[in-house]
Amino acid sequence: FQSFQNLGEEGNFVYLSNKIEPMSSLETAPLYDDLKKELALKAFRGPSFTQSYCWPPVARGCDVVTISYQGNDPLLYIPPLLTFLQLGSCYEALPKRNGPLALILCPGQRKAQLVFELLQRFGRCSRQLHPMLIILGQNKEESRRVKIQGCEVIVTTPYSFLRLFDHHRMLFCRLCHLVLDELEVLFSEATEQVFTILNCYKKAIAGEEWECSPQQIIAIGTRWNKHTADLIKNFMDDPYVVITAVEEASIYGSVQQVVQPCMSSARTAVLLKTLDVTLRGLQKVLVFTDSVNEVEMVHEALKSNSIFSLKMHTESKLKSKCILEQWREKCRAVTQVVLVLTDDCVQPLGITDATCVVHFSCPSPRTFGQRLRSLSDNFCNGMKDSSVDREYPKARSVLLLTEDGACPALEILHYLQHAEAEIPPELYDVTAKAMKDEEDQKLSRPLCAHFKTFGICKNRTVCPDRHQVNAQVDVPQNVPDKMLQTPGHVTVLPLHVVNATNYFGRIVNKEKDPYAILSEEMNEYFKESVNKIAVKNLEKLAIYGLCEKTHVHRVQVVETPPQEEENVVFSVKIKYIDEGRTSLVQSYQLFHLPAQFQSLPPQAVEFIVCRVKPLDNDIEWNPEVTYYIDHKIKGKLHEAKIVLTLGNTAWVDPMVRVTQLPGLKFSINEYNIRSEILHTGLGADNPEHIPQLQRLCGHGKVLDDAKSLK
């Protein structure tokens with residue numbers, strides 16, 4: 001069986017370790033009829049290209065590894081898994097005990113919530129599986145209280161599952177299906193925990209009583225991971241490997257990635273030297289350039305050095321059919337042939353049997369995958385080829401890295417690291433410059449919310465926001481000058497809770513609070529109905545008045561619907577400039593705000609509590625802890641120490657609720673917000689938070705050295 005199929009008419013690529021007959025439509029999908037009807041009612045547009053290959057083996061109960069650009073979509077496995085779970089007779093040999101049939105491991109609580117909701121939605125048309133979403137903190141009593149009677153599907157994270165397993169040792173007694181959702185994230189963020197679960201599962205199904213029961217591991221992701229090879233080798237039984245991302249298939253197929261630094265003017269000489277090393281035995285080489293002139297220049301250079309060369313570009317007189325005939329004929333007549341071409345010729349030619357591609361001109365992330373596809377017939381089979389085959393790969397990719405920075409250096413660096421290739425120091429230098437240029441283009445963007453809240457951004461390469469200080473916009477705002485000169489304790493009134501550590505509110509002056517005076521004056525003014533003058537023509541960013549019950553707020557128009565007709569009521573997005581929250585209101589609710597009420601600057605300040613982060617390396621707070629903190633602190637005065645200010649954001653450490661004892665001159669600290677978060681069991685210490693922020697402010701740049709990406 002040909003491991004790599006190239007479907008040129010759709011431009012899709014798939015690697016298959018075992019033969020799979022893809023589905024052509026939802027009607028032919030291996031799903032039960034009620035589920036097909038439910039998918040159709042939900043306007044499901046699939047199956048997608050990847051689903052057409054991975055659904056059949058999942059529905060048959062086989063071990064499956066799927067790597068795809070859409071590898072974070074739970075619908076790659078939920079419909080066929082639900083279909084298999086309908087076969088109640090398959091589980092008759094299992095012990096008659098409480099325990100799930102399927103365990104779905106997700107990389108975080110948000111993804112687990114999404115998977116759980118999909119199971120509930122599509123599980124309505126199946127037999128009752130009673131799925132459970134289980135997210136546990138470090139509170140052991142909470143783990144003991146979990147009841148799993150009747151539950152046949154558990155959705156959780158690796159950390160939460162092991163906490164549950166500490167108090168419920170029979171969780172594996174009926175477990176047949178183990179799903180790893182976003183396997184590359186699971187393996188990078190919870191390696192030890194995932195392998196602990198895999199080993200427990202392997203041990204549980206080793207008994208003779210399991211010979212007649214399903215045993216299935218499903219692993220879905222967007223990228224190949226080095227631990228995936230261990231998963232396949234040690235925990236799976238002849239799995240179906242489906243890879244529809246050619247860059248990831250090239251890693252699985254052991255394509256040798258080589259980076260050759262050179263001066264732009266010396267590329268031709270380096271190319272000739274590369275070919276001299278490469279052209280031993282039967283070799284079929286593609287040299288990619290980005291212009292017609294380069295194709296002609298390289299072609300002539302090869303001819304003058306007695307290297308047989310073909311050429312192809314948009315202005316070529318020879319058609320792709322003729323080039324392909326020569327490519328095949330010459331390979332039978334000689335041991336080496338070189339084709340020089342531009343990227344727009346790749347698809348018409350459809351070559352998949354090259355042994356080497358040389359990137360004479362740097363590829364874009366899109367064309368890089370197209371070029372690697374030309375090697376696909378010579379990818380190793382990661383499961384079946386010997387270690388010698390993988391050590392001496394049949395396919396090679398050579399990148400000529402020049403000093404002019406034309407390459408997408410950051411993307412290439414990350415891919416080479418992912419492929420565990422040897423990386424020359426020159427690439428780190430080019431990458432450092434590329435990173436600086438990229439961050440400089442983000443100077444007008446807000447400071448990254450994850451960096452502000454936790455001191456780190458895990459998705460820096462794709463994050464649209466900046467990760468360096470911009471002196472023009474990061475000047476402290478709405479913070480009293482005396483507090484900037486001598487950071488100390490302030491009185492804080494949180495009014496809008498974004499999450500467990502991020503709030504908007506005001507800094508209150510207990511002696512003479514200007515906003516309290518302003519608020520009293522506005523309330524008094526708008527008591528007179530004659531003063532409530534409706535706004536006819538709303539202006540974006542303008543400040544207006546809004547009455548809510550007996551209180552008047554200053555609000556700013558953030559968004560208005562386009563081309564609204566005059567005198568028509570419509571919704572307007574506003575921001576409460578003294579509280580920080582946003583809302584939708586009707587246009588008729590806004591009133592003109594006299595100038596005397598606009599002279600005081602907006603009072604809302606963003607507060608971030610330092611040195612605490614979500615448990616288990618999650619990047620978002622569990623809604624439970626956010627709800628708990630919101631209920632506890634909103635609208636109550638707190639004492640806080642400002643440790644850093646940038647723009648309209650103040651980092652505080654600590655932030656405590658102080659209560660005056662009745663009839664006494666003493667006060668007590670009722671609670672410390674950071675401690676309260678830790679006590680929920682859903683937070684973890686984050687000692688690097690403040691030092692990271694201080695380094696940011698001290699250096700005003702993202703990284704001291706691109707090598708820190710290692």
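## Strands, and the model at hand

A strand here is a DSSP run of E with at least two residues, and strands are numbered from the N terminus. By that count, proline 654 belongs to strand 26, which covers residues 649–660. Keep in mind as you look around that this is a predicted model.

Proline 654 is worth a click for its backbone. The peptide bond that leads into proline 654 from aspartate 653 is cis, and its omega is near 5°. For background, most peptide bonds are trans.

## The whole chain

Zooming out, the chain has 24 helices and 28 strands. Its C-alpha atoms fill a box of roughly 100 × 70 × 55 Å along the principal axes. The chain is split into domain 1 (11–86 + 97–244), domain 2 (254–383 + 391–438), domain 3 (454–501 + 610–700) and domain 4 (514–597). If you take the C-alpha centres of domain 3 and domain 4, they sit 30 Å apart.

Of the 710 residues, 53% count as buried. The accessible surface adds up to about 34200 Å², and carbon and sulfur atoms account for 49% of that. Take the contacts between residues at least 6 apart in sequence: 70% of them join residues at least 24 apart. As for charge, there are 78 positive and 85 negative charges in the chain, and their mean positions are 2 Å apart.

## Strand 15, covered on both sides

Strand 15 runs over residues 396–401, and six of its six residues are buried. In a regular strand, side chains alternate between the two faces of the sheet. Here one side carries Arg396, Val398 and Leu400, the other carries Ser397, Leu399 and Leu401, and both faces are covered.

Which strands pair with strand 15? Strand 10 (residues 256–261) runs parallel to strand 15 and is joined to it by six bridges. Strand 14 (residues 356–359) also pairs with strand 15 in the parallel sense, over four bridges. Arginine 396 is a handy residue to look at in this region: it is the bridge partner of glutamine 256, and it is the bridge partner of cysteine 356 as well.

## An open antiparallel sheet

Now for a sheet built the other way. Five strands make up an open sheet with antiparallel pairing, in the order 21-20-19-18-22. Its edges are strand 21 (582–586) and strand 22 (590–591), each of which pairs on one side only.

Inside this sheet, strand 19 (residues 551–559) and strand 20 (residues 571–576) pair antiparallel over four bridges. To find one of the matched positions, start from valine 555: its bridge partner in strand 20 is tyrosine 576.

## A buried glutamate in a loop

Glutamate 182 sits in the loop between strand 7 (177–181) and helix 7 (183–189). Is glutamate 182 buried or exposed? Its relative accessibility is 16%, so glutamate 182 counts as buried, the cut-off being under 20%.

What does glutamate 182 touch, leaving out residues up to four places away in sequence? The list is Asn72, Pro107, Lys111, Ile220 and Gly221.

## Two positive phi values

Most residues other than glycine have a negative phi. Alanine 43 goes the other way, with a positive phi near 60°. Alanine 43 lies in the loop between helix 1 (33–41) and helix 2 (49–59), and at 58% relative accessibility it counts as exposed.

Histidine 130 is no glycine either, yet its phi is positive at about 50°. You'll find histidine 130 in the loop between helix 4 (109–123) and strand 5 (132–134). With a relative accessible area of 44%, histidine 130 is partly exposed.

## Another histidine, in a helix

Histidine 631 has its place in helix 22 (residues 623–633). Its relative accessible area is 60%, so histidine 631 is exposed; the mark for that is over 50%.

For a sense of span, pair histidine 631 with glutamate 211, which is 420 residues away along the chain. The C-alpha atoms of histidine 631 and glutamate 211 are separated by 52 Å.

Definitions and conventions:
Residues are numbered from 1 along each chain as its sequence is written. This is a predicted model: local features need pLDDT of at least 70, side-chain atom pairs count only at pLDDT 80 or more; totals for chains, interfaces and linings use all residues. Side-chain values use heavy atoms; hydrogens and water are left out. Domain bounds come from an automatic or database domain assignment. Buried means under 20% relative accessible area, exposed over 50%, partly exposed in between (1.4 Å probe, protein chains only). Contact means heavy atoms within 4.5 Å. Accessible areas come from the Shrake-Rupley method with a 1.4 Å probe; for residues, only the protein chains shown count as cover. Lys and Arg count as positive and Asp and Glu as negative; His and the chain ends are not counted. The place of a charge is taken as NZ of Lys, CZ of Arg, CG of Asp or CD of Glu. Two strands pair if DSSP finds at least two bridges between them.
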